[in-house]
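Got the model open in your viewer? Keep the sequence panel handy, and let's walk through it one selection at a time.

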Amino acid sequence: MPQRSSKNNVIITEANPQSPISESYRTLRTNIDFSLVDNDNKVIMVTSTQQAEGKTTTAVNMAVAYAQTEKKVLIVDADMRRPNVHNMFRRPNRVGLSNLLAGQYTVQELVTETHIPHLEMLSAGVIPHNPSELLSSERWVQFIEFAKNKYDVVIIDTPPALSLPDAQLVAGHSCGVVIVIDVGKVKREAVKKMKSNLEHAKGRILGVVLNNMNKKEAGTYAYQY
Ligand SMILES: Nc1ncnc2c1ncn2[C@@H]1O[C@H](COP(=O)(O)OP(=O)(O)O)[C@@H](O)[C@H]1O
Ligand SMILES: [Mg+2]
């Protein structure tokens, strides 16, 4: 992805589908499709080592890129620490995943439509005090099974994977992981550590999105992964 030019909640794949950035999200989609060719149900999570590297931006644009192919898509905000997916769709986050995993609501009560055709959303819900415990629960496993059956593609946004267990917990239940790297600020060693943590949790790395690409380091990073 090119160097960031703005700090707002515009979904580029929706606002400007013909732009080179939107094209690169479609390329990412195509590459994922090739690597998951034997899987009918695609549960794909997005993570990064730190916060503010572009996880939510990537997850949302991937979800829109899939919805544009008329697949039935669900985006899940499993970043129950700094929820942001609902903001991208300009929706409230009064209840969501945390309330589902706490047994307070059913999934049918919590999943909402977005303004994008074919794309539904499960926002993060009330910020819980135990996100990792909730993601270790049987309710999470049941939810993933439900989502796999109901949707063609499920995209899961997660918290940073280096210092928190949440993304590793999600990785074990996903078909694959997309890693986002802000090449301007993250050290290669940190990415390697995260990658091995995710693989240890049986996460399959499907692709790496290099964000903030105009930086000089981008080239050297690209050859390392
Ligand atoms: N490729 C990009 N171009 C422009 N702005 C970006 C890009 N990627 C991320 N941003 C901006 O950077 C900020 C952090 O991105 P976000 O996706 O919320 O990161 P994270 O979910 O990893 O915390 C947001 O304001 C977002 O709009
Ligand atoms: Mg985020």
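Select R90 to begin. In this predicted model, R90 has a relative accessible area of 61%, and because exposed means over 50%, R90 counts as exposed. You'll find R90 in the loop between helix 4 (85-88) and helix 5 (97-101). Now look at the backbone: phi of R90 is near 50°, a positive value in a residue other than glycine.

For another residue of that kind, jump to A52. A52 isn't a glycine either, yet its phi is positive, at about 60°. A52 sits in the loop between strand 1 and helix 3. Is A52 buried, exposed or something in between? Its relative accessibility is 46%, so A52 counts as partly exposed.

**Into the sheet**

Next, switch to a cartoon view and find the strands. There's an open sheet of seven strands here, with mixed pairing, and the strands come in the order 3-4-2-5-1-6-7. Which strands stand at the edges? Strand 3 (112-113) and strand 7 (205-211) do, each with a single partner strand, so one side of each has no neighbour in the sheet. While you're there, add helix 2 (residues 20-35), which packs on the sheet and touches strand 1 (42-47), strand 6 (176-182) and strand 7. The direction of helix 2 makes about 165° with that of strand 7.

A bit of background for the pairs coming up: strands of a sheet pair through backbone hydrogen bonds, either parallel or antiparallel.

Select strand 1. Six of its six residues are buried, so strand 1 is largely enclosed by the rest of the structure. Show the side chains: K42, I44 and V46 point one way, while V43, M45 and T47 point the other way. Strand 1 runs parallel to strand 5, joined to it by five bridges, and parallel to strand 6, joined by four bridges. Click on I44 to see both connections. I44 stands opposite I155 in strand 5, and its bridge partner in strand 6 is G176.

Now move to strand 2 (residues 73-77). How many of the residues of strand 2 are buried? Five of the five, so strand 2, too, is largely enclosed by the rest of the structure. Both of its faces are covered, with V73, I75 and D77 on one side and L74 and V76 on the other. Strand 2 pairs with strand 4 (residues 119-122) in the parallel sense over four bridges, and V76 stands opposite L122 in strand 4. Strand 2 also runs parallel to strand 5 (residues 153-157), with five bridges joining them. There, L74 stands opposite V154.

**Just past strand 2**

Select A78, in the loop between strand 2 and helix 4. With a relative accessibility of 0%, A78 counts as buried. What does A78 touch? Leaving aside neighbours within four places in sequence, A78 is in contact with L97, L135, W140, I156, D157, T158 and P159. Try your distance tool as well: A78 and G125 are 47 residues apart in sequence, but their C-alpha atoms are 9.3 Å apart in space.

**Helix 8**

W140 was among those contacts of A78, and your next stop is helix 8 (residues 138-150). At 1.5 Å a residue, the 13 residues of helix 8 should span 18 Å; the end C-alpha atoms are 19 Å apart, which agrees. Turn on side chains and pick out W140, F143, I144 and A147, which are buried. They cover an arc of only 100° around the axis, which puts them on the same side of helix 8. The general rule helps here: an α-helix has 3.6 residues a turn, so residues three or four places apart point the same way. Spin to the other side of helix 8 and you'll see E138 and N149, which are exposed.

**The core**

To finish, look at the inside. In soluble globular proteins, nonpolar side chains tend to be buried together. Here, the largest nonpolar core has 65 residues, and those with the most contacts inside it are I44, I75, F89, W140, F143, I155 and I156. Helix 3 (residues 55-67) gives the most to this core, with seven residues.

For your last selection, pick F89. Not counting residues up to four places away in sequence, F89 touches I11, V60, I75, T114, H115, I116, L119 and M121.

Conventions. Residues are numbered from 1 along each chain as its sequence is written. Chains are lettered from A and ligands numbered from 1 in the order in which they are written. This is a predicted model: local features need pLDDT of at least 70, side-chain atom pairs count only at pLDDT 80 or more; totals for chains, interfaces and linings use all residues. Side-chain values use heavy atoms; hydrogens and water are left out. A nonpolar core is a set of buried Ala, Val, Leu, Ile, Met, Phe, Trp, Tyr and Cys residues joined through side-chain atoms within 4.5 Å. Buried means under 20% relative accessible area, exposed over 50%, partly exposed in between (1.4 Å probe, protein chains only). Helices (H or I, at least four residues) and strands (E, at least two) are DSSP runs, numbered from the N terminus. Contact means heavy atoms within 4.5 Å. Two strands pair if DSSP finds at least two bridges between them. Axes are lines fitted to C-alpha atoms, for helices over the stretch in contact, and angles run from 0 to 180 degrees between N-to-C directions. The expected span of a helix is 1.5 Å times one less than its number of residues. The arc is that of the directions from the helix axis to the C-beta atoms.
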